[in-house]
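Good morning, and thank you for making time for this item. I should like to take you through one structure, beginning with a single position and then turning to the fold around it.

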Amino acid sequence: MKTMKMFLSALPLAIVFSLVVATSSFAQTIPFLVVGSGNAPGGFIPLAPEIPMDHNTENGWAIKLGDHTGDGALQLVAPPDLANLTAQFSSIRPYRFVSSANPTDVLACNYGITTGSLPAASLGQATFYSIDDGADPSTPFDDTFIARFVAEFRPALEECSGKFDPSRLKNGSFTMYAFTAPVKIDAVNGIVVDVNSTPENLIPISYSWFGFGTLKFKWPFGWL
Ligand SMILES: [Ca+2]
């Protein structure tokens, strides 16, 4: 009888304990949307592979992050396909989205990197679109272009912190679409520059973007 009593009194504790264990392994997947604008401060996009190009977020907004800034760098991973005006790229260090209200909240992501524990499905893809009226497609290099960069972003968990600390954030994937201001090709120097740049005065290349996908958090941190 005494044993039975002890068992019954321990039962609620056991139930609570098992609930905590069960719920702590629950995951919450939330939709993620990010929009922003910024520039490539160096003023050129290299057309040769493996040359870093810094780029930043001056004004951004995202679910869970809110208003934020950011910075990162990319590189072309191979010489561009000049016949089709395309190029493949990846980040060379995790892009850091930093909350403006609370700079310890950092979402860091690799993009276009197909290796590692959270790989992208493919390399980033850049495409140059001529915006010239009646441009002659047989002579594309004197055209004015808008460059579109598309890449899958995956969390670089070891560099995430605050709300995105790896004890909370577990996984994620979102596809980013970035569009430059009008640019032109400087074939002599093998670079792409703002349409108003001169060799003596390279203007930062402005761009803007949106991205959407999901982030997966340990319960209950999806909405905290
Ligand atoms: Ca042309």
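Where is Ser-122 found? Ser-122 lies in the loop between strand 6, residues 106–111, and strand 7, residues 124–130. Before I continue, please bear in mind that this is a predicted model.

Is Ser-122 buried or exposed? The answer lies between the two: Ser-122 is partly exposed, because 13 other C-beta atoms lie within 10 Å, and the partly exposed class sits between 12 or fewer for exposed and 20 or more for buried. Leaving aside residues up to four places away in sequence, Ser-122 touches Thr-114 and Glu-152. Gln-88 is 34 residues from Ser-122 in sequence, and the C-alpha atoms of the two are 9.5 Å apart in space.

Let me now step back to the whole chain. The protein chain has one helix and twelve strands. Reading from the N terminus, the helix comes at the start and the strands follow it. Of the 224 residues in the protein chain, 33% are buried. Among contacts with a separation of 6 or more, 61% are between residues 24 or more positions apart.

I turn next to the strand pairing, starting with strands 1, 3, 4 and 5. Strand 1, residues 27–40, pairs with strand 3, residues 53–62, in the antiparallel sense over four bridges. Within that pairing, Val-34 has Ala-62 of strand 3 as its bridge partner. Strand 3 is also joined to strand 4, residues 66–76, by eight bridges, and these two strands run antiparallel. Two of the partnerships here are His-55 with Gly-72 of strand 4, and Asn-56 with Asp-71 of strand 4. Asp-71 also stands opposite Arg-96 in strand 5. Strand 4 and strand 5, the latter covering residues 86–99, pair in the antiparallel sense over eight bridges.

The connection between strand 3 and strand 4 deserves a closer look. The two strands form a hairpin with three residues between them. Lys-64 is found in this loop, and its phi is near 75°, a positive value in a residue other than glycine. Lys-64 is buried, because 22 other C-beta atoms lie within 10 Å and the class begins at 20.

A useful contrast is offered by Glu-50, in the loop between strand 2 and strand 3. Glu-50 too has a positive phi, of about 65°, although it is not a glycine. Glu-50, however, counts as exposed, because it has 10 C-beta neighbours inside 10 Å and the limit for that class is 12 or fewer.

The next group of strands is 2, 10 and 11. Strand 2, residues 44–46, is joined to strand 11, residues 191–194, by three bridges, and the two run antiparallel. Strand 10, residues 183–186, is joined to strand 11 by four bridges, again running antiparallel. Which residue in strand 11 is the bridge partner of Lys-184? The partner of Lys-184 is Val-193, and Phe-44 likewise stands opposite Val-193. Strand 10 and strand 11 form a hairpin with four residues between them, and in its turn Gly-190 has a positive phi of about 65°.

That brings me to the interior. The largest nonpolar core contains 47 residues. Which of them touch the most other members? They are Ile-45, Leu-107, Tyr-111, Ala-147, Cys-160 and Val-192. Ala-147 touches Ile-45 and Val-192, and also Ala-126, Phe-128, Thr-180 and Val-183, not counting residues up to four places away in sequence.

One last backbone feature concerns the end of the chain. Trp-219 and Pro-220 are joined by a cis peptide bond, with omega about 5°. Pro-220 is found in the segment after strand 12, which covers residues 205–218.

To close, I would ask you to keep two pictures in mind. Ser-122 is partly exposed and touches Thr-114 and Glu-152. Val-193 in strand 11 faces Phe-44 and is the bridge partner of Lys-184. Thank you; I shall be glad to take questions.

Notes: Residues are numbered from 1 along each chain as its sequence is written. This is a predicted model: local features need pLDDT of at least 70, side-chain atom pairs count only at pLDDT 80 or more; totals for chains, interfaces and linings use all residues. Two strands pair if DSSP finds at least two bridges between them. Two residues are in contact if their C-beta atoms, placed from the backbone, lie within 7 Å. A nonpolar core is a set of buried Ala, Val, Leu, Ile, Met, Phe, Trp, Tyr and Cys residues joined through C-beta atoms within 7 Å.
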